[in-house]
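Q: Please take a close look at the salt bridges here. How many salt bridges does the structure hold, and which residues form them?

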Amino acid sequence: MSTPDVPAGAARPPRGSTRGVAEAGLPTGPSAAGPVTEADLAGLPAAAARYLRAMGVVGRPRTWSFRAHLRGRFRLRPGGP
């Protein structure tokens with residue numbers, strides 16, 4: 001069974017993680033209505049605004065959440081494993 005929030009075949013987050021997010025009081029939707037405008041980019045550093053324009057965000061719906069999976073390791077010394 002899939003829902004709009006969880007695509008078919010996607011792994012579900014651990015219950016503890018989901019509970020932690022719910023307890024954090026994070027918003028359940030975008031904080032501002034309407035698409036991204038040039039006025040939204042006005043307060044950003046020039047490089048950030050230029051990047052967002054190049055990515056075509058102006059006029060598109062606002063992205064208000066995302067999920068990321070990170071993997072990494074610590075190197076204990078330069079050139080070491």
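**The salt bridges and their surroundings**

A: Of the protein's 81 residues, 6% count as buried, where buried means under 20% relative accessible area, exposed over 50%, and partly exposed in between (1.4 Å probe, protein chains only). The model is predicted, so local features need pLDDT of at least 70 and side-chain atom pairs count only at pLDDT 80 or more, while totals for chains, interfaces and linings use all residues. Residues are numbered from 1 along each chain as its sequence is written, and side-chain values use heavy atoms, with hydrogens and water left out.

The protein has three helices and zero strands, in the order α-α-α from the N terminus. Helices (H or I, at least four residues) and strands (E, at least two) are DSSP runs, numbered from the N terminus.

Now to the part you asked about. Two salt bridges are present; the term stands for a side-chain nitrogen of Lys or Arg within 4 Å of a carboxyl oxygen of Asp or Glu. Side chains of opposite charge can pair when their charged atoms come close.

One salt bridge joins Arg53 and Glu38, with 3.0 Å between the closest N and O atoms. This pair links distant parts of the chain, since Arg53 is in helix α3 (residues 46-54) and Glu38 is in helix α2 (residues 38-41), 15 residues apart. Arg53 is partly exposed, at a relative accessible area of 40%, and Glu38 is also partly exposed, at 40% relative accessibility.

The other salt bridge is between Asp40 and Arg62, whose closest N and O atoms are 2.8 Å apart. Asp40 belongs to helix α2 and Arg62 to the segment after α3, so this pair ties together parts that are 22 residues apart in sequence. Asp40 counts as partly exposed at 35% relative accessibility, and Arg62 counts as partly exposed at 24%.

Asp40 and Arg62 are also among the residues that line the second largest pocket, including Val36, Leu41, Leu52 and Arg60. On a 1 Å grid over the protein atoms alone, a pocket is an open set of points where a 1.4 Å probe fits, with protein on both sides within 12 Å along at least five of seven lines; lining residues have an atom within 4 Å of a point.

Contacts across the sequence complete the picture. With contact meaning heavy atoms within 4.5 Å, residues 24 or more positions apart account for 50% of the contacts in the protein with a separation of 6 or more.
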